[in-house]
Amino acid sequence: MLEAAVKDYNWGYFDGWPDDINVRTFWLFMLWRIKQHGSENKLIEEFKIAFPDFVLEMQNKSDYLTPEEHLASIIASRFVRRFLEFWGFAVQASDRLFKSPGDIAQVNVLPLFDQVFQFNFDE
């Protein structure tokens with residue numbers, strides 16, 4: 001089921017954003033970062049640093065949002081709600097669908113997350 005969720009499940013189904021914006025490619029990176037700090041805001045900042053070309057590709061994808069705001073909406077919608085929450089790996093601490101830029105978006109990892117995904121770090 002996990003393979004189908006990552007490879008076949010349409011994270012963008014009926015969300016109104018273009019289908020060519022595919023964050024599924026980065027699912028392991030995003031899982032790792034969410035596990036480390038549980039912050040959607042930090043995840044978005046780290047994503048922009050790790051994958052700057054992806055943000056550049058988002059130019060002109062939205063008439064109303066900057067590429068960074070558009071990326072934040074895509075990650076919140078497709079990764080957090082459509083992947084993590086849908087499959088029971090995490091829940092978003094806030095019940096607000098649309099957030100202001102200054103809002104802190106905390107993602108609470110559920111026990112199933114730790115049962116399925118384990119990251120081992122040698123320090």
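**A guided tour, starting at Ser 77**

Select Ser 77, which is buried, with a relative accessible area of 9% (buried means under 20% relative accessible area, exposed over 50% and partly exposed in between, with a 1.4 Å probe and protein chains only). The structure on your screen is a predicted model, in which local features need pLDDT of at least 70 and side-chain atom pairs count only at pLDDT 80 or more, while totals for chains, interfaces and linings use all residues. Residues are numbered from 1 along each chain as its sequence is written, and side-chain values use heavy atoms, with hydrogens and water left out.

Ser 77 is found in helix α5 (helices, H or I of at least four residues, and strands, E of at least two, are DSSP runs numbered from the N terminus). Leaving aside its neighbours within four places in sequence, Ser 77 is in contact with Asp 15 and Arg 82, where contact means heavy atoms within 4.5 Å.

Now show the whole protein as a cartoon, and follow the pattern α-α-α-α-α-β-β-α along the sequence, with six helices and two strands. Of the 123 residues, 36% are buried.

Next, select helix α3, residues 40-50, in which Glu 40, Leu 43, Ile 44 and Phe 47 are buried. These residues lie on the same side of α3, because they cover an arc of only 100 degrees around the axis, the arc being that of the directions from the helix axis to the C-beta atoms. If you then add what covers them, your selection will include α2 (27-37), α4 (52-57), α5 (67-85), β1 (90-92) and β2 (107-109).

Keep α2 and α3 in view, since this pair deserves a slower look. Their axes come within 9 Å and cross at roughly 140 degrees, where axes are lines fitted to C-alpha atoms, for helices over the stretch in contact, and angles run from 0 to 180 degrees between N-to-C directions. The two helices are therefore oblique to each other, given that angles under 35 degrees count as roughly parallel, over 145 as roughly antiparallel, 65 to 115 as roughly perpendicular and the rest as oblique. The contact is made by residues including Phe 29, Met 30 and Ile 34 of α2 and Leu 43, Phe 47 and Ala 50 of α3.

Finally, move to Gln 115 in helix α6, residues 111-116, which is exposed, with a relative accessible area of 60%. Select Phe 89 as well: the two residues are 26 apart along the chain, and their C-alpha atoms are separated by 9.4 Å.
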